[in-house]
Amino acid sequence: MENKKLHIALLFGGNSSEHDVSKRSAHNIYDAMDKDKYDVSLFMFTKDGILLGNKASHRIFDGEDEDLVVSEEMPKIDLSNPLAPIMALNEVSDIDLFYPVIHGNLGEDGTVQGLFKLLKKPYIGSNVLASALAFDKDMTKRILTQAHVRNTEYVVITPENKDQMDYETVAAKIGRVMFLKPADQGSSVGIHRVTNADEYNAGLADALQYDFKVLAEEAIDGPQEIEISILGNEKPRASKLGAVRVPDSDTFYDYNNKFVDASGVVFELPVVLPESLTQEITQMALDAYVALGLKGMARIDFLVSKDGVPYLSEPNTLPGFTNISLYPQMWGVSGIDYPSLIDEIIDYGLAEYKRNQSISYSFTKLGTEHVGEKKFN
C-alpha cells in the first residue's frame, strides 16, 4: 500500500525587514521538497501581517507583483473578524505539519509557534520559549553567559536609560569601538559600528526605531566571521564550519552584502582552521543550542579574534535558505544534500511533536471552595 503524502503548509513573508529574504528562502525550500513525499500548500504573510491563502500565495510565488495581488485580496478579508489575520488557513484541510520560513518578526520570535501550538499541529524548528529567547540578543547573552559560552561584553540601552548612557559612559565599559544592535531584529537592520560620540548618537537614534532595547556591544578587532549549522533535537549534531569574508571596504557583514549584492563576499566552505579551534567552536555551538533549548535546526555565528579566541555572536533559529545562505551549503559540504536536509528537518518536527504529546496534564476538579479566616491589620 502506497504511503500517504504529508501535507505541508509552507509559511513565508511576514512584517519584518526580511520579508523578501523569506520569499527567496521559501522558494528554494519548496523546489527542494520531494513532491512524491509532500503535498505543499503556500501561505504568505503580507507586510501588514495578514495571511494570504494558497492560491494568492502561489500567484506571488510564481512571479506576479506582490502589491497587486495583495490589493486584490485585502477587500475579500473581513478585518472586523478577530481571526482575520489567519483565516486563510481555512482554505486547506488536514495539514500534517507547518513549515515556517519566516525570518525575523512573527517567525523567529515565537509568534507563529504559539499559533501552531494552539492548532495542535506539528511544526519544524524551536518552540515558543526557545524561539523568543534566541531572538532577543540580550536574553540570549544572559543564557550563554550562564552556560559559560563565551560572548562579547555589552550593555543594554532603552528609552528610559539612554540619557544616562552617553557614549563616554558606555565606552568606559566596553571600549570606544562598539556595535549598536536592536535586541529583536535580524539581518543587520539597524546595526551600526560606532567610534565616536556623533556616530553613537546617530546610530542609537536609528536603532531605537526598530526596538525599545538596544545592545551596545564590544567590537572584536578585525574578526574572522565563522558560521556553523546545527541539526537535531535532543542529540544535535554540527556541520563543518564555513567562513564569510567581506570586502575590506565594508566594516561588517551587513544587509546589503548578505542579500542584495554578495558579489564581493567570499564564502569559504568548509573553512580550514586549527583543529583545536574547530573543536572549540563546534562544542560552543552545541552547548549554546542545548542551553537555549533549540530544536530542529539553527545556524550559529561566531567572531574569531586575531589571536584565535572565538566569541559566539548569535543563533538563528530559522536560518536563510537563499542561494547564498550558508546553512544548507554547510550541510552540503558535510554530506547532506538539499532534499535530504529538508526531509530531516521535517522528521525532527514530527518527532518533537510526538515527544510533547507524551507529556501528562493533570486536571483536578475543584469542589466547594473553603476560604480561611482573613485578618486585615
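**Interior packing and an enclosed cavity**

Strand β4 supplies the largest share of the lining of the largest cavity, namely three residues. The model examined here is a predicted one. In this model, the count comes to one cavity of 30 Å³ or more, and the volume of the largest cavity is about 40 Å³. Its lining is made up of Ile29, Tyr99, Pro100, Val101, His103, Met297, Leu318, Pro319 and Phe321. Sorted by class, eight of these lining residues are nonpolar and one is polar, with no charged residues.

Tyr99 offers a handy route from the cavity to the packing of the interior, as this residue lines the largest cavity and also belongs to the largest nonpolar core. That core holds 34 residues, and those touching the most other members are Leu10, Met33, Tyr99, Leu231, Ile345 and Ile346. Two or more residues each come from β1 (6–13), α1 (19–32), β2 (38–45), α2 (54–61), α3 (66–73), β4 (97–101), α11 (326–332) and α12 (338–357). Helix α12 makes the greatest contribution, with five residues.

What does Tyr99 touch, leaving aside residues up to four places away in sequence? Its contacts are Ile8, Ala9, Leu10 and Leu11, together with Ile29, Met33 and Ile124, and finally Ile342, Ile345 and Ile346. Ile29, one of these contacts, is also found in the lining of the largest cavity.

A second core, separate from the one just described, comprises 27 residues, among them Val149, Val271, Met284 and Tyr289. As general background, nonpolar side chains in soluble globular proteins tend to be buried together.

Technical notes
Residues are numbered from 1 along each chain as its sequence is written. This is a predicted model: local features need pLDDT of at least 70, side-chain atom pairs count only at pLDDT 80 or more; totals for chains, interfaces and linings use all residues. Side-chain values use heavy atoms; hydrogens and water are left out. A nonpolar core is a set of buried Ala, Val, Leu, Ile, Met, Phe, Trp, Tyr and Cys residues joined through side-chain atoms within 4.5 Å. Buried means under 20% relative accessible area, exposed over 50%, partly exposed in between (1.4 Å probe, protein chains only). Helices (H or I, at least four residues) and strands (E, at least two) are DSSP runs, numbered from the N terminus. Contact means heavy atoms within 4.5 Å. On a 1 Å grid over the protein atoms alone, a cavity is a set of points where a 1.4 Å probe fits but cannot get out, and a pocket is an open set with protein on both sides within 12 Å along at least five of seven lines; lining residues have an atom within 4 Å of a point. Grid points are joined across faces, edges and corners, and a volume is the space filled by probe spheres set on the points. Ala, Val, Leu, Ile, Met, Phe, Trp, Tyr, Cys and Pro count as nonpolar, Asp, Glu, Lys and Arg as charged, and the others, Gly among them, as polar.
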